[in-house]
Amino acid sequence: MTGSEQHDGRMNRRSFLARSTAGALGAAMGARARAQGQVRSRVVVARDEQAVSGDQVDADRVAAMLSKAMAALFGKPASDAWKGLFTVEDTVGIKSTVMMNPVHPELLFAIHAALTEHVGIEDARVRVWDRNRGGVGRAELATMPRSLSYHDDYIVDMVHESTALINCPSLKRHWLAGIGGAVKNWCGAVRGINPMDNGEAVFKFHGDSCAQMGMLNALPPIRERCRLIVIDALTPCHGPGPQVNPADLWAYGGLIVSTDPVAADVVGAQILEAKLEEINGRPTPLTPPTRHLQVADAEYGLGCSDAAAIEVVRV
Amino acid sequence: MTTAILRSPVVILLSAVTSVQASPGAEALVETRLPDGWRWTDEAVEYDRDSIYEYLDGGAMFYLSYSLESLVVRTCGGPEGVPVTVEVYAFAPGGDSHGVFLNETRGERPTGPWDDAVYGAGLLKAREGRFIVRAQSGRRGDALKEALNAVASALCVKLSSDDPPPRLLADARACVDPGEVVEDTERFFHTQDSLSSYYYLGADNVLGLSADTDCVLVHLRPGDGDARAIVLVAKYPERRLAEAAAQRLAALWGGLPTGDVAHVAQRDGGRWWGMAHGSDARLGVVLEADTRGAAERSLAILKAIAERAEGDGDDDRQ
């Protein structure tokens, strides 16, 4: 952060553009990798259709899926994968979703168990939040009873208090952005995205189908600390929104796990489009298109938006 | 009744409603008597155009693209303790409630004291005049469906009002054979964001849509075959705005004579498109059609819609 930004704790578009230099370099490196035919990102899709039955979610099956996905993503036993990604000293903030197809608590419990049992992180150092509500430790993961505040940089304190982050959204269509997934999930980590916040939005990304949504994921405290993406695709929503119609949820019984938020969303979009094609009997691309994923790749260097350069591992 | 402009959501207490101004939605959620065995389990909370983000966040912009005046939310519970969240959305008279209702209409179509309703998987959405009522539970089943029906019915009786469809929507319905309409594809909206959620034309607002434009979009099966078309009719405040939009679209997709059913063209990818506008401020666009025949049939329908407005005082109401 520049001196002036440190002074008033605010960021503007110019500072975003300055910071995007690193992102552009990342994107250029990605382009070179593509040119050489290299896979840029690995995304694991774990499925267990028996994990969801009606309104019930089988916690044991969800935990088993997560374990299989971690092993497949890192090519080692799941416990080693967790230990390789986090340390016992970490304070881990899990960015969940409570609105519009909330993340299932069974998934949050599975993540908590992996962090505490495999890595040895203390219960109270595993936190979860969405927007200005959060919880500390297992007992508060599902209820998020605490009211959170925001730092001067508009980012919720939970981010600053964490040494590591896990991005844990649910999978759904979004009427403004095409898909609500990993990149969009950071909307719940900041204030200043809507006109109601201080009268005018600080983070202006809503134009062109939220094309600049990646600016939130690119904020240094988020970008530098987020180590894992776990998308809850147990019951994705294929409906147009803006609110979830329960008739549009289906028991996919899946988790999408990656370290690349853009690639994870690309795979999520493919799952939604396949479902829409099944329903409509003809190819049905998401509308609006997921413009923010291409921009997150090309302008912010957040990950791979090229489906051909993503290795999808199904377990 | 005027809706107060509020900076934060307001919890509505019964005494407040009976002594000071309250929106019709708030009155309905406080004063409506629930079916036997059901009771309100919390206080009603009202949101306005500024505070709705606190309840819907990203979804708020959908409602803000229409003439939303207020949203009131309250929870009730039944004999078995099943919680039901009830939302009442109030829009300014002029037909916007039709557009909000049409956003998604797949499901059962129950009858009741409302203008229109759809039910599926524990959600009942009803339109009564300028109001939308959503009653939703996390559970399903016939008993719950009946309960939701009863709760929504009581509210719709209380909210009873009249708000005919917007003129453009009524004209479109008059010109399109219902048998040619693909299920759950009729939409009414105003803005570029809404258009993009139904059909993506590009990053730029090529059609110049705004809160002052009315649009109807529908998927058709024009004619006897399986070929489909997606068509749009937009009504602008002034004819020059419609002409400018037509010019921008023609420049984007390739020059095309307008207003003649004989002139449709193929775009990249093989889909057909065309445009038609009459002497008023309406512009019809065949956004895409599977075949030339489907495009020409659709263009003829669009011309008919445009011609209905000519010399007919193209006001907003039916």
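Begin by selecting A:Thr287, which sits in the loop of chain A that joins helix 10 (261-280) to helix 11 (291-298). The model is a predicted one. Next, display the neighbours of A:Thr287: leaving aside residues up to four places away in sequence, it touches A:Arg173 together with B:Ser196, B:Ser197, B:Tyr198, B:Tyr199 and B:Tyr200. Within this group, turn to B:Ser197, whose backbone oxygen lies 3.0 Å from a polar atom of the A:Thr287 side chain.

Now move to chain B as a whole and colour its two parts separately: domain 1 covers 10-158 and domain 2 covers 167-310. The contact draws 13 residues from domain 1 of chain B and twelve residues from domain 2 of chain B. The C-alpha centres of these two domains are 33 Å apart, and together the domains bury about 990 Å², with 43% of that area on carbon and sulfur atoms. Select B:Ser65, B:Tyr66 and B:Leu102 next; these residues provide 46% of the area that domain 1 of chain B buries against domain 2 of chain B, more than any other three residues.

For the polar side of this interface, show the side chains of B:Arg106 and B:Asp184, which form a salt bridge (3.8 Å, N to O). One salt bridge is counted between the two domains of chain B, and five residue pairs are in polar contact across their interface.

Finally, highlight helix 4 (60-64) and helix 5 (96-102) of chain B, each of which supplies at least two residues of the domain 1 side that touches domain 2. Helix 5 of chain B gives the largest share of that side, four residues. By character, the residues of that side are four nonpolar, six polar and three charged.

Conventions:
Residues are numbered from 1 along each chain as its sequence is written. Chains are lettered from A and ligands numbered from 1 in the order in which they are written. This is a predicted model: local features need pLDDT of at least 70, side-chain atom pairs count only at pLDDT 80 or more; totals for chains, interfaces and linings use all residues. Side-chain values use heavy atoms; hydrogens and water are left out. A polar contact is a pair of N or O atoms within 3.5 Å; within protein, one must be able to donate a hydrogen and the other to accept it, and residues adjacent in sequence count only if both atoms are side-chain atoms. Contact means heavy atoms within 4.5 Å. Domain bounds come from an automatic or database domain assignment. Buried area is the accessible area (1.4 Å probe) that two parts lose on being put together, summed over both. A salt bridge is a side-chain nitrogen of Lys or Arg within 4 Å of a carboxyl oxygen of Asp or Glu. Ala, Val, Leu, Ile, Met, Phe, Trp, Tyr, Cys and Pro count as nonpolar, Asp, Glu, Lys and Arg as charged, and the others, Gly among them, as polar.
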